[in-house]
Each structure stands twice: as C-alpha cells, then as structure tokens.
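Q: Could you take me through one part of this structure in close detail? I would like to see how its strands and helices fit together, and what surrounds them.

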Amino acid sequence: MSNRMINILVPVISVILGLLVGAIVMAVSGYDPILGYTALWNGIFGDSYAIGETIRQITPYILAGLAVAFAFRTGLFNIGVEGQLIVGWFAAVYVGAAFDLPKVIHLPLSILAGAAAGALWAFLPGLLKAKMKIHEVIVTIMMNYIALHVVNALIKTWSGGGDKTERILDSASLRSDFLASLTDYSRLHYGIIIALMMVVLMWFLLEKTTMGFELKSVGFNENASEYGGMKIGKNIILAMVISGAFAGLAGAMEGLGTFGNMYTRGGFTGIGFDGIAVALLGANTPLGVIFGAVLFGSLKYGALNMPNAAQIPEEIVQIVIALVIFFVACGYAIRLLLSKISKKKEAK
Amino acid sequence: MAKRKFGLALSVLLAAGTLLGACGSGNDDASKDNGKKEGSGEKTSEFSVAMVTDVGGIDDKSFNQSAWKGIQDFGKANDMEKGDGGYDYLQSAGEEDYIPNLNALARRDFSLVFGVGFMMQDAMDEIASQQKDTEFAIIDAVVDQPNAASILFKEQEGSYLAGVAAALMTESKKVGFVGGMENEVIHRFESGFVAGVKAVDPEIDVDVQYAGAFDKAEIGKTMANRMYSSGVDIIFHAAGGTGNGVFSEAKERKAADADANVWVIGVDSDQYDEGAVGDTNVTLTSMLKRVDIAVEDISKRAKEGKFPGGETHVYGLSEDGVDLADSRGAIPEDVMKKIEDYKEKIKSGEIEVPEYPEGKEPKK
C-alpha cells in the first residue's frame with residue numbers, strides 16, 4: 001500500500017469507525033442510528049439555511065484553530081485563546097457600537113480592534129515568558145478567567161447595570177442581506193472570507209518570510225536559534241501577539257457577525273478550547289486547520305438537528321459527536337495498523 | 001508534502017460535499033414545501049406548541065422544567081402527542097443555538113413557540129420578525145413584535161412572602177439570600193425578599209450574595225457555608241443549579257447534627273425533594289414561579305385564536321403566577337396565618353412590593 005493511499009485512508013477510516021461506534025451507542029440506547037445520521041447530515045447540508053449556519057459555525061473555529069496552531073508551530077502552547085477571543089469580541093462590539101463612521105472605515109476598524117485586543121491579551125503572557133521564563137500555559141489559563149470577569153464587569157458598567165451591550169451599528173456589521181437571502185435568513189456573514197484570508201496569511205508568514213522562519217526556528221530549538229543570532233525574547237512575544245490577534249479576530253466574528261452584541265457570560269464560550277483540538281486535528285498546518293474547523297463546526301451545528309428531527313436526546317448526541325472526534329484524533333493508531341498490514345503483505 | 005496534498009484533496013472533497021449538498025437542497029426544499037402545504041392543508045385547525053429551553057434543559061429542576069410541564073399538561077389536556085403537530089421541545093447548548101432552535105421549530109410548523117429565559121430576547125426578536133406566520137412567546141423578557149407575546153412574573157411578590165416566612169421563623173435574627181447572576185429578574189427576587197423580611201422586623205440582618213453563575217453548585221455551597229457559619233439560619237436562593245450547593249451544605253450540616261437549625265427556601269419549583277436528609281428535611285418552603293401555569297394559559301388563548309401578540313402579560317400573586325409551596329409542617333399554623341394576611345394585603349394592593357433592590361434601580 002502506498003503512502004498516499006494510507007494518507008487518504010486514515011481519516012476516512014477514522015470517521016467511519018467513529019460513526020460506527022456512535023451508531024452502536026444510539027442503537028443500545030434504543031434510537032435508530034440511520035435516522036440519527038440522516039438528521040445529522042440534513043442538519044449540516046440539508047438546505048441552504050443549514051449550510052449557511054454551518055459555515056457560520058465554522059468561521060470562529062478556523063480562527064481559533066489558527067491561533068493555537070500558530071503558537072504551536074513556534075513552540076508555545078496558547079491555552080488563552082478563549083480569553084483572547086472574549087476580549088476581542090468585546091473590543092469589536094465596543095468600537096462597532098460607540099463610533100459612527102462610514103462602513104469602509106468602521107468595519108475594518110472594528111475588526112482590527114478585536115484583533116488588537118486579542119493581541120494585547122496575549123502580549124502579557126508572551127512578555128512574562130520572554131523576560132522571566134514564566135510558563136505561558138499557567139499565565140494564559142489564568143488570563144482566561146481575568147478576561148471573562150473583566151469583560152462581564154465592563155458590559156455591566158457600559159450598559160448601566162444591564163447584562164448585554166448595545167447592538168453594533170449597521171456600518172460595523174459583517175452580516176449582509178445578500179448572504180441572508182442566499183441562505184434563507186441564516187446568520188451567515190462575511191467573516192468566513194476573513195477567516196480564509198487569515199489561513200493564507202498564516203501560511204505565508206510561516207513559509208515565505210524570514211520572520212516566519214525565525215519564529216519556527218525558535219520553536220524548534222531556542223539555543224540553536226540564539227547561537228544563530230536570533231533574538232529569542234522578541235520572537236516569543238511576536239508569536240504570542242500574532243496568535244492572540246487570530247483569537248481576537250475569532251471573537252470579532254462572533255461580535256460583528258453572529259450576535260451583533262455581547263452578553264455577560266456565566267462561563268466560557270468553549271470555542272477557544274475546541275480550537276486546541278481543531279489545531280491538533282489539522283496537524284498545526286493552515287490547511288489542516290480548515291479541515292479540523294469544518295469537522296468541528298459541521299458536527300457541532302448539525303448535531304442540533306438530531307434531537308429536532310430524530311428525537312435523540314441531547315446527551316446521546318454529544319456522546320456520538322465526541323466519539324467521531326475521538327476516532328479522528330486516533331488517526332495515528334489506525335496509521336500504525338495499516339502500515340503493519342501492508343508490511344505483512346509485502347513479507348508474503 | 002504528501003500531507004499537504006492530502007489536506008488539499010480533503011478540503012476539495014468537503015467543499016464538493018457542500019456544493020453538491022447545495023445542489024440537492026433545491027429539490028429537497030421544494031418537496032419539503034409541498035409537504036408543508038399538504039400537511040397544513042389537512043390539519044389547518046390543529047394546534048401545536050413547542051418550546052426552546054435555555055442551557056439548563058428540561059430537567060433543571062427550575063423554570064425550564066416548569067415550562068415543559070406546562071406544555072405537557074396542555075398537550076395531555078388536548079389529546080396531543082409528542083412530536084410534529086403536537087408538542088415538543090429543543091434544548092440549547094449555548095447562546096449561539098437559540099436562533100437555529102427557534103427557527104427549526106417555526107419551520108416544523110408549530111403554531112406557537114415558547115422561548116424560555118430572558119437570554120433569548122434578541123434571538124426571538126429576530127426570528128419573530130422573519131417567521132411572521134408563527135406565534136411566539138417569551139418568558140422573563142419583553143419582545144416587541146406583533147406575533148410575539150411576552151410573559152413576565154412578579155417574582156418580588158412571591159419573594160416577599162418568602163421573606164415574611166424567613167423573618168417569622170428565624171431564631172438568630174440573621175437570614176441570607178443567594179442570587180445567581182445580577183440581572184433584573186434576580187433583582188426582583190432580592191428586592192421582594194429583603195422587603196418581606198424588613199416588613200416583619202427591620203432589625204433582622206439580610207446577607208445578600210451573588211454567585212455570578214447559575215450552574216456553579218460549588219460556589220453556592222461555599223456561600224452557604226460562610227452564611228451558616230456566621231449565624232444565618234435561613235437562606236433563600238434564586239440561583240438555579242448554583243442553589244443546589246446551598247441545599248447540599250444545609251443537608252451536610254443537618255446530617256452531621258440533627259439539631260442544627262439550618263433551613264433553605266427553594267425557588268421556582270417545589271424543591272422539597274431537594275432538601276430531604278434521612279427522615280428530616282431542610283426545605284422550609286419554596287417560592288413557586290408557576291411558569292407552567294403561564295405557559296398553559298398562553299397556549300389555551302392561542303388555541304382559541306386569542307393569542308395576545310404584541311402584549312405583555314404579568315403574572316403575580318393574584319394571577320397564581322407566584323406563590324409559596326406547601327411547607328409540609330415546617331412552618332407552624334399560626335405563622336402560616338400571618339403569611340396569608342400579607343398575601344391578601346399584596347393581592348388587594350395594600351402592600352406594593354418594590355421591584356428593584358435599593359441602589360439597584362435601572363439608570364435611565
């Protein structure tokens with residue numbers, strides 16, 4: 001069996017395995033797996049509304065995945081995507097609601113505000129890591145909580161004791177009547193284009209620029225890079241800031257596209273944490289992140305239709321979805337198995 | 001290199017899936033629409049009702065559960081079955097699910113769709129303006145659309161009675177209030193409770209705490225621990241799942257020392273079962289918020305063609321929207337009589353319970 005065959009077979013087999021085990025779970029619990037998966041499929045691709053909403057769900061996953069993947073490639077573990085996303089969301093909504101500008105200026109400014117807030121939130125852990133060797137995992141986790149509660153307090157102050165911000169002005173909105181009419185009033189917005197542009201940007205940064213080479217090099221081996229004349233501290237901070245900007249953009253997509261405002265939250269959005277899985281599924285490559293985000297976003301949105309169309313309870317649905325992702329993540333084991341089988345055949 | 005090519009191939013495959021899916025959908029849409037038309041042609045007079053839950057789900061022992069009970073009762077009373085054309089619910093896992101869920105139920109041709117919880121306000125506003133043929137109703141918030149009814153409760157009135165009960169029953173002259181998140185709804189609970197306590201005896205201390213979340217039982221438990229340790233003997237919680245922590249702290253104290261004077265006043269549903277410790281119980285009473293009665297009431301009106309679209313209905317003591325649960329002997333007869341007196345005074349309008357706690361009035 002050729003390498004290429006294995007590369008294509010592995011994800012296919014893992015998805016099939018996940019679906020099979022999921023089917024068993026449904027069957028054992030007394031629900032019809034075929035009905036369940038039909039509902040899942042229709043929930044993702046069933047009509048233009050579903051497709052629009054699925055793409056909407058994928059958008060922040062791509063950006064959160066990029067944020068984690070970028071940090072990974074430079075040897076950093078950014079667990080703070082969640083917090084950076086929350087501050088980015090708030091900053092984007094604030095600029096979107098508080099200023100009155102023409103759309104050509106207002107929309108980019110709001111998006112940039114989101115990115116800048118995320119970058120700023122990641123700058124601090126980067127600085128602490130670069131100057132004092134404080135591990136970024138601890139700092140970023142704690143920064144998540146600070147972000148959550150600081151933003152809640154800001155929303156409360158801004159709204160005069162209320163629990164949500166004002167709505168952004170139309171001039172800062174990513175939504176469009178055209179996309180809405182195309183997809184039967186789904187909340188699909190232009191954010192997906194921004195997300196895809198960022199995929200290209202990350203690839204370009206890492207593969208085609210000196211800066212990207214330095215960043216990766218520091219990630220591979222700090223000491224060797226330093227010997228080679230690179231500034232370690234500067235590169236660590238830069239890596240965190242770029243990663244944080246991606247995360248902030250993910251928040252801006254939620255604020256300017258999906259919701260149009262922000263609520264005080266009792267807990268995290270979960271997008272930032274799912275972003276870690278998205279990045280790992282995509283092997284930390286820009287294109288891989290798209291694949292991971294499509295899988296996560298589709299399953300997450302499509303799963304809503306399983307209780308709706310097939311009467312399967314929410315809890316079972318979550319187990320099934322988790323199983324599919326679990327088996328996809330287990331790709332390495334399947335790869336090992338396949339190569340053993342093909343070796344045996346060669347031996348014969 | 002191979003990995004990258006494979007990734008490309010896969011994303012092309014997925015993109016193709018999306019496009020092909022889009023191609024197929026045209027026909028699907030058409031056939032679905034036909035089905036809808038045929039379906040509605042057959043049963044134009046049939047009334048169906050559904051609801052979208054908040055993140056709590058229909059077994060949250062609180063208002064989602066209560067709303068679902070109202071829909072089930074209505075369904076049984078009218079010989080309806082669970083599913084399309086009868087009654088059903090969808091659960092939201094997060095805020096991003098409200099709109100798809102409301103939309104899904106409207107597309108399944110339910111005549112009336114409830115949104116449970118103030119968090120759904122914006123989502124319902126948007127969907128109601130798009131799905132003009134469906135009737136909507138929201139609980140705990142106001143949606144200004146001609147096809148949407150708004151249901152509010154006078155939580156302050158029921159909480160006032162809870163405050164009176166706590167003030168009459170406390171021995172340490174210290175009572176506590178544990179709120180979920182600070183918002184207008186929970187502020188009405190706090191305001192009513194404090195006013196009720198002070199009406200009986202202005203000297204009694206009320207320790208007011210907010211947990212900042214509705215699903216953090218561990219925070220509720222810590223707060224209850226602190227309150228009971230400082231001498232508080234009755235805690236009223238308006239904190240959903242967080243309040244379960246208040247119950248577990250009280251139960252632990254009761255289990256360790258059967259003579260411990262610790263009580264909890266439950267919220268939304270009758271939480272008597274939550275407070276059972278062996279043969280005793282720590283539940284003094286519960287402040288009932290009869291979402292089920294409101295849901296049934298609005299469903300009935302809608303079925304009769306008298307759906308109050310664009311209107312706001314407020315359910316208070318007089319409408320049986322709020323009340324105290326049976327204390328099952330925890331509150332003695334003579335105290336119950338005093339509570340009844342206050343109840344009559346509120347109903348007659350002699351006592352007007354403040355809607356906002358002191359210093360928490362909305363800035364306008």
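A: Here is a walk through the strands and helices of chain B, followed by a short visit to chain A.

Keep in mind as we go that this is a predicted model. For chain A, the average pLDDT is 90, and 99% of the residues score at least 70. Confidence in that chain peaks in helix H4 (residues 81-98) of chain A, with a mean of 96, and is lowest in helix H16 (residues 331-347) of chain A, with a mean of 78.

Let's start with strand E5 (residues 148-153) of chain B, where six of the six residues are buried. B:Ala148, B:Ser150 and B:Leu152 point one way from the strand, while B:Ala149, B:Ile151 and B:Phe153 point the other way. Both sets are buried. E5(B) also has strand partners. Strand E4 (residues 135-139) of chain B runs parallel to E5(B) and is joined to it by four bridges, and strand E13 (residues 312-315) of chain B is likewise parallel to E5(B), with four bridges. B:Ser150 is a handy residue to centre your view on: B:Ile138 stands opposite it, and its bridge partner in E13(B) is B:Thr312.

Next comes an open sheet of six strands in chain B, with the order E7-E6-E8-E9-E12-E14 and mixed pairing. Its edges are strand E7 (205-210) and strand E14 (322-324) of chain B, each of which pairs on one side only. On average, neighbouring strands of this sheet are turned by 15° against each other, direction ignored. Within the sheet, strand E9 (residues 263-268) and strand E12 (residues 283-289) of chain B run parallel and share five bridges. One pairing to look for is B:Ile265 with its bridge partner B:Thr285 in E12(B). Helix H5 (residues 155-169) of chain B lies across strand E6 (174-179), strand E8 (234-238), E9, E12 and E14 of chain B. Relative to E12(B), helix H5 of chain B runs at about 170°.

Now for a helix whose surroundings involve both chains. Helix H3 (residues 98-107) of chain B is mostly covered, with nine of its ten residues buried. Among them are B:Tyr98, B:Ile99, B:Asn101 and B:Asn103. From chain A, the cover includes helix H3 (48-73) and helix H14 (305-310). From chain B, it includes strand E1 (49-52), strand E2 (87-90), strand E3 (112-116) and helix H4 (121-130). After H3(B) comes B:Asp109, which has a positive phi, near 70°.

For contrast, look at B:Arg226 in helix H7 (residues 217-229) of chain B. This residue counts as partly exposed because it has 14 C-beta neighbours inside 10 Å. From B:Arg226 to B:Pro202, the separation is 24 residues in sequence and 23 Å in space, C-alpha to C-alpha.

Finally, over to a helix pair in chain A. The axes of helix H8 (residues 191-208) and helix H11 (residues 232-259) of chain A come within 10 Å and cross at roughly 170°, so H8(A) and H11(A) are roughly antiparallel to each other. On the H8(A) side, A:Gly191, A:Ile194 and A:Met198 take part in the contact, meeting A:Phe246, A:Leu249, A:Met253 and A:Gly257 in H11(A). By class, this contact of H8(A) with H11(A) has five nonpolar and two polar residues, with no charged ones.

Definitions and conventions
Residues are numbered from 1 along each chain as its sequence is written. Chains are lettered from A and ligands numbered from 1 in the order in which they are written. This is a predicted model: local features need pLDDT of at least 70, side-chain atom pairs count only at pLDDT 80 or more; totals for chains, interfaces and linings use all residues. pLDDT is the predictor's confidence in each residue, from 0 to 100. Helices (H or I, at least four residues) and strands (E, at least two) are DSSP runs, numbered from the N terminus. A residue is buried if 20 or more other C-beta atoms lie within 10 Å of its own, exposed if 12 or fewer, and partly exposed in between; C-beta atoms are placed from the backbone. Axes are lines fitted to C-alpha atoms, for helices over the stretch in contact, and angles run from 0 to 180 degrees between N-to-C directions. Angles under 35 degrees count as roughly parallel, over 145 as roughly antiparallel, 65 to 115 as roughly perpendicular and the rest as oblique. Two residues are in contact if their C-beta atoms, placed from the backbone, lie within 7 Å. Ala, Val, Leu, Ile, Met, Phe, Trp, Tyr, Cys and Pro count as nonpolar, Asp, Glu, Lys and Arg as charged, and the others, Gly among them, as polar. Two strands pair if DSSP finds at least two bridges between them.
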